[in-house]
Amino acid sequence: MSGTSAALTPPADAVAPVRHPDAPPPGELLGAHYEHCFGCGGGQPHGLHLQARAGEGVSVTAEFTVKPAHQGAPGLAHGGVLATALDETLGSLNWLLRTIAVTGRLETDFVRPVPVDTVLHLDARITAVHGRKIYSTATGRIGGPEGPVAVRADALFIEVKVDHFIENGRPAEIQAAMADPDQVKRARAFEVNP
Ligand SMILES: CCCCCCCCCCCCCCCC(=O)SCCNC(=O)CCNC(=O)[C@H](O)C(C)(C)COP(=O)(O)OP(=O)(O)OC[C@H]1O[C@@H](n2cnc3c(N)ncnc32)[C@H](O)[C@@H]1OP(=O)(O)O
């Protein structure tokens, strides 16, 4: 990984991530964490509709097809959209720890342009954990899962409680989410089964 800043270098006493015993088995789709999430939700017409799949250890894979709505330059994916795909894939890793976490820092390298209609093959893993801090890394390849790297990222996620969303989200969406038993169950499961 190139150019990682000090903030993304785990401290010496960081520990290896431990896959939760109830984490989905390798190969299983993780499912959307929120129907209206721009990264993974099915309810966003121009969203990325990214579906992450559990991998071995504390890793995931995902695919994202670049659509015309995702352009920055003519026929090319917008860099911010590619960063979103990396962020979403990295974020899904935390479900293998059964931990709710948000992105604190995301550092992205854009290595190759990514044309519209390209399938971006994403691969991410957690590298270390230090208290509430979760360190992770991801690549996005084009032309196949073993193709050349087009984008890569390192990230620091910070563990939060469900209250982070309840206290900060716009009330209309929070009330709708809390009225959805499946959404509440999915979020609360992480607090009662640490
Ligand atoms: C009914 C409702 C259902 C809800 C169901 C939800 C489902 C689950 C949704 C998941 C969603 C994922 C979606 C994709 C991933 C996003 O895109 S998440 C969205 C983007 N991220 C954000 O909005 C986060 C905004 N930032 C914040 O809220 C706060 O800054 C944070 C990250 C929670 C940290 O604040 P804090 O809890 O007060 O923690 P703080 O004490 O400042 O820092 C803790 C440690 O982290 C370090 N740290 C914090 N920030 C940084 C940073 N930026 N750089 C370096 N180090 C940092 C601190 O230095 C500190 O280190 P130590 O001193 O412990 O060594």
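In this predicted model, helix α1 has 14 residues, which at 1.5 Å a residue should span 20 Å, and its end C-alpha atoms are indeed 20 Å apart, in agreement with that expectation. Of these 14 residues 10 are buried, so α1 is largely enclosed by the rest of the structure. The buried positions are Val-81 and Leu-82, then Ala-85 and Leu-86, and finally the run Asp-87, Glu-88, Thr-89, Leu-90, Gly-91 and Ser-92. The cover over these buried residues includes strands β1, β2, β3, β4, β5 and β6.

**Overall architecture**

The chain holds four helices and six strands, and from the N terminus on its elements follow the order β-β-α-β-β-β-β-α-α-α. Its radius of gyration is 16 Å, close to the 16 Å that the globule rule gives for 194 residues, so the chain is as compact as a globular protein of that length. The C-alpha trace spans about 45 × 40 × 30 Å along its principal axes, and 29% of the 194 residues count as buried. Among the contacts with a separation of 6 or more, 67% are made by residues 24 or more positions apart.

**The nonpolar core**

In soluble globular proteins, nonpolar side chains tend to be buried together. Here the largest nonpolar core has 39 residues, and those with the most contacts inside it are Ala-85, Leu-86 and Leu-122. Two or more residues of this core come from each of β1 (51–54), β2 (59–65), α1 (79–92), β4 (119–130), β5 (133–141) and β6 (149–159), with β6 giving the largest share, six residues. Leaving out residues up to four places away in sequence, Leu-122 touches Thr-61, Ala-62, Glu-63 and Phe-64, as well as Ala-85, Leu-86 and Thr-89, and also Ala-138 and Gly-140.

**The shell around the ligand**

There are 25 residues around the ligand, of which Gly-91, Val-102, Gly-104, Arg-105 and Ile-158 come nearest. The elements that contribute two or more residues to this shell are α1, β3 (101–110), β6, α2 (163–168), α3 (171–178) and α4 (181–192), and β3 gives the most, with four residues. By residue class, the shell divides into 14 nonpolar, six polar and five charged residues.

**Two partly exposed strand residues**

Leu-106 lies in strand β3, while Val-149 lies in strand β6. A residue needs 20 or more other C-beta atoms within 10 Å to count as buried; Leu-106 has 19 and is therefore partly exposed, and Val-149, with 14, is likewise partly exposed. The table sets out C-alpha separations for these two residues.

| Residue pair | Separation along the chain | C-alpha distance |
|---|---|---|
| Leu-106 and Ser-136 | 30 residues | 9.6 Å |
| Val-149 and Asn-94 | 55 residues | 23 Å |

When residues up to four places away in sequence are not counted, Leu-106 touches Ala-83 and Asp-87, together with Ala-153 and Ala-155. With its neighbours within four places in sequence left aside, Val-149 is in contact with Val-111, Thr-139 and Arg-141.

**Where the descriptions meet**

Helix α1 appears both among the elements that give two or more residues to the largest nonpolar core and among those that give two or more to the shell around the ligand. Within α1, Ala-85 and Leu-86 are buried and are in contact with Leu-122, whereas Gly-91, which is also buried, is one of the residues that come nearest to the ligand.

Notes. Residues are numbered from 1 along each chain as its sequence is written. This is a predicted model: local features need pLDDT of at least 70, side-chain atom pairs count only at pLDDT 80 or more; totals for chains, interfaces and linings use all residues. The radius of gyration is taken over C-alpha atoms; the globule rule is 2.2 Å times the number of residues to the power 0.38. A residue is buried if 20 or more other C-beta atoms lie within 10 Å of its own, exposed if 12 or fewer, and partly exposed in between; C-beta atoms are placed from the backbone. Two residues are in contact if their C-beta atoms, placed from the backbone, lie within 7 Å. A nonpolar core is a set of buried Ala, Val, Leu, Ile, Met, Phe, Trp, Tyr and Cys residues joined through C-beta atoms within 7 Å. A residue is near a molecule or strand if its C-beta atom, placed from the backbone, lies within 6 Å of it. Ala, Val, Leu, Ile, Met, Phe, Trp, Tyr, Cys and Pro count as nonpolar, Asp, Glu, Lys and Arg as charged, and the others, Gly among them, as polar. The expected span of a helix is 1.5 Å times one less than its number of residues.
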